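Biologist: Before I plan anything at the bench, I would like to go through this model with you. Please keep to what can be read from it.

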Amino acid sequence: MTTKNYQHVLALEFAVHEINENVKLLPNISLGFHIYESYYDEWMTYHATLNLLFKSCRYVPNYRCDTRRSLMAVIGGLSSEISLRISDILDLHKLPQITYGLFAQEKKEVRQPCSFYHTVLNEGQQTMELLKHFQWTWVGLFVVDDDSGEHFLRSLEPLLSPNGICLAFIERIVSHHQEEGMDYFNYLFSTAYLRFKQSTANAFILYGRPTTINWLMTLISLGGAGYGENPSLRKVWILVGQVDFVLTRLQNNWSFEFYQGAIFITIHSEKLVGFQKFLQNMKPFRKPEDGFLKDFWEQAFSCTFPKSEDPMKNDGMCTREERLESLPGPIFEMSMTGQSYSIYNAVYAVAHALHSMSASTSKHRPRMDSKGDKFQDLQPWQVVPSQEFIIIVKKEEEEEKEEIGIIPHHSLVVSERLTNSFPFPSQQTPCELHPFLQGILFNNSAGEAVYFNDDKEMAAGFDIMNLITFSNNSFLKVKVGSLNPKAPKGQRFIIHEDQIVWPHAFNQVCPTSICNDHCHLGYHKEKKEGEKFCCYNCVPCQEGKIANRKDMDDCITCPEDQYPSVAHDQCMDKTINFLSYEEPLGISLTAVALSFSLITSLVLGIFIRHKDTPLVKANNLGITYTLLVSLTLCFLCSLLFLGQPNKVTCFLQQSTFSSIFSVAVSCVLAKTITVVVAFMATKPGSNMRKWVGKRMATCCVLFCSLVQAALCTVWLGTSPPFPDSDMQTLTKEIIAGCNEGSVVMFYFVLGYMGFLSLISLTVAFLARKLPDSFNESKFITFSMLVFCSVWLSFVPAYLSSKGKYMVAVEIFSILASSAGLLVCIFSPKCYIILWRPDLNRREQLILRTS
């Protein structure tokens with residue numbers, strides 16, 4: 001007998017006892033139980049199931065000789081293999097079966113009897129949640145070599161790659177009935193132990209049965225000498241499935257230090273009121289009808305009860321005062337295990353289903369006499385399957401007592417008896433009875449809701465337990481988290497890391513289990529040829545990219561408004577690049593622009609004050625004033641290019657500059673044409689006299705300026721300039737500038753201004769040798785040469801500059817070309833007006849002409 005699993009029987013007995021004490025749940029009905037053993041063997045499982053169905057005094061298959069028994073449901077088994085063997089027979093008789101252990105989901109889908117229910121979910125997804133939480137991406141797997149192990153492996157493998165997890169190895173351990181003494185031990189040592197010792201993984205998953213862990217403990221105890229002094233042997237174990245410490249008294253001196261800090265994923269359980277007291281009151285002399293209790297007591301406490309032939313022998317005798325709470329955990333646990341909790345819920349589920357069926361049929365059944373349908377007429381298929389149990393409803397005619405039967409270790413059988421009539425229809429089909437069990441919903445004594453979903457699963461979830469070992473070879477399981485698929489999203493996986501006790505070698509720091517060291521910030525993973533994707537090299541990020549997290553598959557590009565740091569581990573905000581008023585270059589250009597605009601205003605004032613002098617009159621007063629005003633505005637419009645661009649400044653910059661410059665160049669062209677026409681009109685018989693005067697110059701200025709104004713109007717009306725940001729040119733800065741909008745119109749405007757400049761230069765150059773008294777052409781020619789030279793040198797300087805320096809080049813060109821016109825044209829006149837007034841007389845002009 002496996003003493004630890006005896007709690008399964010006691011959990012069933014406890015549930016039956018509670019139901020019998022509850023007068024409201026099943027009034028006038030008492031429950032009892034029978035127990036059958038499967039011995040982990042298919043043949044014995046079939047034999048026990050057939051005994052359950054047909055055996056009385058002799059075994060006759062397909063004949064029920066014991067007419068007092070009416071089997072209604074079975075609870076079992078603990079493993080999926082035993083459950084399937086039981087269902088092979090029970091499904092033929094439409095008997096409800098509820099399993100209380102782990103069950104392969106795909107087997108349930110292939111073989112789906114309507115009476116099959118189970119209480120435990122797939123543990124593969126739950127294991128993955130744990131690995132993801134601790135970021136263990138390189139783990140070893142020991143799995144039992146049977147159907148349940150293959151199912152666990154198939155459920156786990158599809159989840160590995162999407163979550164970035166690899167198995168360092170998969171080691172299959174043959175199941176218990178295949179073990180062959182030393183041959184099996186040699187096999188384990190040559191494979192499993194060496195895998196364990198040589199693996200670089202720090203986290204191992206162990207899926208199997210209690211015997212699996214016993215073999216490994218034996219192997220480590222014998223082959224892992226010096227474990228306590230060898231930190232390389234310290235690993236974190238994740239124990240899944242039916243794995244548990246189940247020892248006999250002969251193995252009680254085994255040390256559990258090897259599994260210190262292990263993480264158990266166990267079937268969910270809760271503390272039930274009264275269960276501890278029920279166990280504490282358990283004594284062998286109080287339950288003489290329990291044939292298992294005596295054997296359990298002798299094995300658990302390593303004692304024997306006195307025999308009738310030798311009543312005086314006292315050595316090693318059981319005192320009957322032994323207490324279950326004194327037993328170590330591997331022998332017997334006082335706290336309710338997950339399987340026992342599932343059994344408890346399954347019994348209650350069947351009881352509630354029977355209660356609902358009783359209430360439903362009582363409402364619709366006509367009144368009957370005392371010889372009407374009674375409970376003995378109830379057929380097995382008239383009960384709906386509840387969980388992974390098989391419940392038996394049984395009536396004994398003489399003793400008015402009900403019984404429940406169990407197949408311990410793997411299967412439990414429950415039977416019922418009633419003292420009063422229990423009105424069920426005798427011709428009810430399984431489909432009609434199915435809703436009673438599948439539709440149950442109640443709270444158990446722990447306050448948890450119990451019900452089946454559409455897949456006939458109770459879906460109780462899992463508990464995450466932490467193993468704490470002690471120097472006296474005892475251990476304690478502490479609940480540190482839970483996995484509850486029924487919980488709201490975000491609360492389905494809960495774990496308290498601060499409560500976990502890790503293996504001593506990790507100094508109470510959460511261990512890592514990875515193939516190689518993490519790639520630090522600024523590095524990305526590069527796959528190693530011939531190895532799993534979890535093993536990789538770390539390569540620095542390329543220029544312009546970053547890795548701001550560990551173990552990134554590839555580096556990422558920063559957003560356009562950010563740039564990579566030197567270490568390529570973060571993106572930093574780019575600064576906005578524009579020519580500001582506050583910086584030295586901006587202050588200098590502002591000072592120059594204001595100074596020249598002031599000088600131009602002074603020159604205009606001088607000309608206005610001396611407007612009656614011959615020199616001023618001879619230079620076409622209106623055109624001169626217009627030229628000086630336009631030059632003043634040219635100096636001032638350069639200030640529109642300073643500061644951070646906005647809608648207004650972008651709208652005005654190019655259009656204002658080109659329009660004002662066009663007026664200035666038009667005035668220069670008008671002055672040049674006036675000089676040429678005036679000289680030609682002095683020739684005898686010339687027809688040019690009618691063109692001499694202010695009208696021609698004014699028309700020239702107006703026409704040339706209006707053409708430019710029309711071009712600017714079309715440009716601003718169709719696709720005006722707007723603020724824009726250049727994020728690619730400079731690595732660490734965003735160039736704030738203005739987008740021209742329509743590039744075609746922009747070049748039309750600039751081209752027209754260049755066209756006027758070339759005409760002015762050409763005309764002035766041709767008139768450069770006219771007599772000085774009538775002529776400004778030399779000064780105009782020189783000023784236009786300066787103007788054109790400035791703008792021709794502007795093109796390469798502008799294209800080779802970036803950011804705010806491009807704006808500075810443009811402002812400098814505006815200021816330089818405007819200053820060239822001002823100085824070259826007006827400085828000689830100002831010199832004569834201010835310092836040589838003797839030359840500013842009509843006689844002097846005539847004398848110079850002659």
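Modeller: Two strands count as paired if DSSP finds at least two bridges between them. Keep in mind that this is a predicted model.

Biologist: Which residue of strand 8 stands opposite isoleucine 205?

Modeller: Strand 7 and strand 8 (residues 236-241) are joined by six bridges and run parallel. In that pairing, the residue opposite isoleucine 205 is isoleucine 238.

Biologist: Which residue of strand 7 stands opposite valine 139?

Modeller: Strand 5 (residues 138-145) also runs parallel to strand 7, with five bridges between them. Opposite valine 139 is alanine 203.

Biologist: Are the residues on the two sides of strand 7 buried or exposed?

Modeller: In a regular strand, side chains alternate between the two faces of the sheet. Here Ala203, Ile205 and Tyr207 point one way, and Phe204, Leu206 and Gly208 point the other. Buried means under 20% relative accessible area. By that cut-off, the residues on both sides are buried.

Biologist: Which helix gives the most residues to the largest nonpolar core?

Modeller: This core has 56 residues, and Phe607, Leu627, Phe661, Phe787 and Phe826 touch the most other members. Elements giving two or more residues to the core include helix 13 (584-609), helix 16 (647-681) and helix 20 (804-835). The top contributor, with 13 residues, is helix 20.

Biologist: Which tryptophan is in contact with phenylalanine 661?

Modeller: Neighbours within four places in sequence are set aside here. The contacts of phenylalanine 661 then include Cys634, Met753, Phe787 and Ile814, and the tryptophan is Trp791.

Notes. Residues numbered from 1 in each chain as written. Predicted model: local features only at pLDDT ≥ 70, side-chain atom pairs only at ≥ 80, totals over all residues. Heavy atoms only, no water. Buried < 20%, exposed > 50% of the residue type's maximum accessible area, 1.4 Å probe, protein only. Helix = DSSP H or I, 4+ residues; strand = E, 2+ residues; numbered from the N terminus. Core = buried A, V, L, I, M, F, W, Y, C linked by side-chain atoms within 4.5 Å. Contact = heavy atoms within 4.5 Å.
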